[in-house]
Amino acid sequence: MEVDEPVRLPRLPRVAVCGGTHGNELSGVYLVRELLKDLREKDAEDGGPLSVLVVLSNPRATQQCRRYIDVDLNRCFSHATLNGPVPDASPYEIILSRKLNALLGPKGGQGAVDLVCDLHNTTANMGLCFIAYSDSDWICLHIFKHLQRQMPDMPMRFIHYDVSKKESYSLDSVGKHGFALEIGPQPHGVVRSTNYTAMKVGVQHVLDWVRHFNSGSVFEGGFVDVFTMVKKIDYPRDSQTHNITAAVHPHLQDRDFCLLRPEDPLFQTFSGEALTYKGSEPLYPFFINECAYYEKGVALSLARKRRVAVPPIRAQTEEDKQASFASEEEE
Amino acid sequence: TSCEIQKSHKSSRQKKNQKQTHATGGDELPYEVQRAQEINRTFGPKGSPEAYDVIFDLHNTTSNMGCTLILESSKDSFNLQMMNYIKKAFAPASCLVLLNEHPHLKYSTSRSVAKHPVGLEVGPQPQGVLRSNIFQAMRVILKHALDFIELFNEGMEFPSCTVEVFRVLERIDYPRDANGNIIAMVHTNLQDCDWEPLNPGDPMFQTFDGQTVHYQGSGTVYPTFINEAAYYEKQQAFLTTRRETLVASAIRKA
């Protein structure tokens, strides 16, 4: 008899919602400010099955409305960086990452929060994206499916960076589960009402899902189209000055997640010449013309799309936990 | 002080440098003040006969302003004639003229060092991003501008003409709390609607918890610079303007 027995996963009693990891990505900054206000007004929360930490990750960068003060905070959470030496003159964000790891982690430890939802904006036309390190973290995939169902008019994609837990470097990797919630397009330093509202609604659905999950609901399985990052392409640059010599081609601009085929236009030089995609495999572009990536040498990223089967899941009960302890002891 | 916050904010806009160059403090002038003085030495002195004839000052904006020429004086017939020429050459694509002659809201631009300052603002484009279409539009407009100057220098006469402009009326700030924090965003209905009429009673802002703030002015205005990133710190959500028709005298090279 074939029964789809739900996969049983531990409850998620502690969730962190983080904004302002990049201080000029304003949807998250303002949403976190509003959530903090709500929490102050409601005083001690229900004390129920879910505790939500709301965090403004990079206060100094937020105050100055810049991405970072010294170094990109969202690259500071690899095990090596978190556990390396910290001399007094360390960059601001290195010191900050330790504090955030102490608050939300420690990364890899039993005390880490169960889920980190890190809020970001992009200048690229990406709609709403989840960005995660795993394509088999059923919690993240189910949350994504839930948002897709609740926000059917919102273009929504799941992006997967195939990076090991050890090498993972972003803030969302500090929790036992985590993902970045990215909304674009939006210029940095600007808050657009539609993006803010989408992020606010999205975060609400994330928290609702977690409450339902914790209360024992079964979530039926299904499929998610996952975009796995394969490679990045830099702008053409002058070999001497390193300045860019072409811009994203008008036919590619704003066409995130539209299949890019070999010989499709990629860049347009300042004299109007088109440079085309020389790869042999059609791939899906994203983060097309993201402002913060000029300095990282990325004009666009490319992904393969594949359909991932997501099993039904439910929260572990007390009995499940006892049973698994017992079987561990037997072993 | 708000002055210091502004300084560090402005210098932080240099995307190329990850390290912030700290002001050495004390007697040294801020970098941009030093640059202004160099520009004035090279292209001015402002107000003198030696000053450059024309300066084109190229800008981008996060606002949906399209191609906008910025005029500082309604009496500058040379500039008005140039802008008339550019608008006609660029048509059917739109290139509008913003006149900022407001006694309080006008500001001392780098281009004002020259006898005929011309601002060119093209958007929408995020700061730190280069969009092909924006770049090409700017390039075409500048080409028309230089064509005009060449024709003028060759002796062509430009008969008297009229030019439609949008004259700056006032600056509207975001609603803020007692600490100066923004408590509302540009309303969805107003976002991206630069140059479209805003009538009394129309939605203008929406608070973070969903309330609408309506425009309370006495008449219809034409908003521009709606939601420009750099103006959050200058207490400006948008500018209001009114439409006006200016007359440009006939001009010919002397």
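This is a short chat about aromatic rings in a predicted model.

Visitor: How many aromatic pairs are there over all chains?
Guide: A search of the whole structure gives 28. Rings of Phe, Tyr and Trp (its six-membered ring) pair if their centres lie within 6.5 Å; planes under 30 degrees apart are stacked, over 60 edge-to-face, and the rest tilted.

Visitor: Which pair crosses between chains, and where do its rings sit?
Guide: One that does so joins Phe270(A), in the loop between strand E10 (265-269) and strand E11 (274-276) of chain A, to Phe135(B) in helix H4 (residues 132-153) of chain B. Helices (H or I, at least four residues) and strands (E, at least two) are DSSP runs, numbered from the N terminus.

Visitor: Why is the pair of Phe270(A) and Phe135(B) called tilted?
Guide: Their planes are at 50°, so the pair is tilted, with centres 5.1 Å apart.

Visitor: Now Tyr174(B) and Phe205(B): buried or exposed?
Guide: Both Tyr174(B) and Phe205(B) are buried, that is, under 20% relative accessible area, where exposed is over 50% and partly exposed in between (1.4 Å probe, protein chains only).

Visitor: What sits over the ring of Tyr92(A)?
Guide: The charged end of Arg60(A), 4.7 Å from the ring centre. This needs NZ of Lys or CZ of Arg within 6 Å of the centre and within 35 degrees of the ring normal.

Visitor: What about numbering and cut-offs?
Guide: Residues are numbered from 1 along each chain as its sequence is written, and chains are lettered from A in the order in which they are written. Local features need pLDDT of at least 70, and side-chain atom pairs count only at pLDDT 80 or more, while side-chain values use heavy atoms, leaving out hydrogens and water.
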